[in-house]
Amino acid sequence: MEDKENEIFNREIYKYFDKISYDKNTIRDGIIKRVLKEKEINQQYIKNTHVKNIISFISTAELEDFDFYAVEKTLIIFTAIESVILLVTNQTKLNAKMLKEKLQFNGKKVQIELTGLDEYDEIYERLAIIMDKYELDRDETIIDSTQGPRMLGAVFYKFAVEQGLKLVSWQSELNDGNRRIPGKDKFNFIKAPQLKNYKLYQNANKLINNYKFKEASMLYSQINNNEMALVLDIFSDIFSYESLETYDIWIKQIELNISNLKNIKDKSIRKII
């Protein structure tokens, strides 16, 4: 039965490439089945994730009436996602608005955020603002880096690495005419992107274990993990020599900083404090 379905699907794909009348519903259903197959293949990696939020760029690429944006396919993989943040440029706002209506109809909360694509730091800062603005938990947030120019993908990867987010992408297969083949996309899920700053994290952890919170805070600031840097600054105040010198001063310092800790918006950091 599966072989027969594949045969029918491939036949319609050939018709599509040959610009002959094709059955869009057959292709659309076939794409969904193949996305679900990708989910099954990657089940061991995604089964224990608790993803509720996704950030994805929307490009200017026009979709065929049977096809899906990468973020739509990712939503089939992670069915518990509630909130979708679409990163757009002035040129892609229209595509994003149309997709927003579609996703909202299916019960998703959708936000559109404008960004430029010229400056690496600008994109990185926009991602940081989004995380703070919507109070996104790092443990519950993924970035879909499929669409957009290469520089954007590089920023997404760096941000995921340094902020501890999960990263996903869809890898297309091209035909001899260098056209993407519908239904042939492979799902890539990176639960813990390679830490290029692994040595830095090691050093920070050593400093924390030795109660050198101020020094550890400086390291986290270098990789733009500002909320963790703030937490360590607060611990530095609590455990400073001046605070520990007298009991009364120490108690007042704790009371003041507990209030500051409650203002930390990153839920994944709040879990450790």
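Which residues are linked with D67 in a network of salt bridges? I looked this up first: K73, R180 and D185 join D67 in that network. I count a salt bridge when a side-chain nitrogen of Lys or Arg is within 4 Å of a carboxyl oxygen of Asp or Glu.

**Ground rules**

I am working on a predicted model, where local features need pLDDT of at least 70 and side-chain atom pairs count only at pLDDT 80 or more, while totals for chains, interfaces and linings use all residues. Residues are numbered from 1 along each chain as its sequence is written, and side-chain values use heavy atoms, with hydrogens and water left out.

**Salt bridges**

I found 14 salt bridges in the structure. I then went through some of the pairs.

K33 and E5 meet through their side chains at 3.4 Å, N to O. K33 sits in helix 2 and E5 in helix 1, so this pair ties together parts that are 28 residues apart in sequence. My helices (H or I, at least four residues) and strands (E, at least two) are DSSP runs, numbered from the N terminus. Both partners are partly exposed: K33 has a relative accessible area of 46%, and E5 has 33%. For these labels, buried means under 20% relative accessible area, exposed over 50%, and partly exposed in between, with a 1.4 Å probe and protein chains only.

E12 bridges to R11, with the closest N and O atoms 3.8 Å apart. E12 is buried at 5%, whereas R11 is partly exposed at 40%.

E113 and R126 form a salt bridge at 3.3 Å, N to O. E113 belongs to strand 3 and R126 to helix 6, so the pair ties together parts 13 residues apart in sequence. E113 is buried, with a relative accessible area of 5%. R126 is partly exposed at 25%.

**Helix 6**

R126 led me to helix 6, residues 120-133. I checked its length. At 1.5 Å a residue, its 14 residues should span 20 Å, and the end C-alpha atoms are 20 Å apart, which agrees. The expected span is 1.5 Å times one less than the number of residues.

Which residues of helix 6 are buried? I noted I123, Y124, L127, I130 and M131. Seen down the helix axis, they fall within an arc of 120 degrees, so they line one face. The arc is taken from the directions from the helix axis to the C-beta atoms. An α-helix has 3.6 residues a turn, so residues three or four places apart point the same way. On the face turned away from the buried side I found the exposed residues D121 and K133.

The buried residues of helix 6 pack against strand 1 (53-57), strand 2 (83-88), strand 3 (109-114), strand 4 (141-144) and helix 7 (150-163). Contact means heavy atoms within 4.5 Å. Just after the helix, E135 takes a positive phi of about 50 degrees.

**Cores**

Next I looked at the nonpolar cores. Such a core is a set of buried Ala, Val, Leu, Ile, Met, Phe, Trp, Tyr and Cys residues joined through side-chain atoms within 4.5 Å. The largest has 33 residues, and I58, V71, F78, I81, V84 and L86 touch the most other members. Elements giving it two or more residues include helix 1 (2-17), helix 2 (24-41), helix 4 (70-77) and helix 5 (93-105). A second, separate core of 18 residues includes I85, Y124, I130 and L152.

I listed what I58 touches, not counting residues up to four places away in sequence: among them are Y69, V71, L86, N95 and Q147.

**Helix 4 and E64**

Helix 4 has seven of its eight residues buried, so it is largely enclosed by the rest of the structure. The buried ones are A70, V71, E72, K73, T74, L75 and I77.

E64 lies in the loop between strand 1 and helix 4. It is partly exposed at 33% relative accessibility. Leaving aside neighbours within four places in sequence, E64 is in contact with Y16 and Y22. E64 and K24 are 40 residues apart in sequence and 9.1 Å apart in space, C-alpha to C-alpha.

**Strands 5 and 6**

Last, I followed strand 6. F187 and F189 point to one face and are buried, while K186, N188 and I190 point to the other and are not. Strand 6 pairs with strand 5 in the antiparallel sense over five bridges. Two strands pair if DSSP finds at least two bridges between them. Q171 stands opposite K186 in strand 6.
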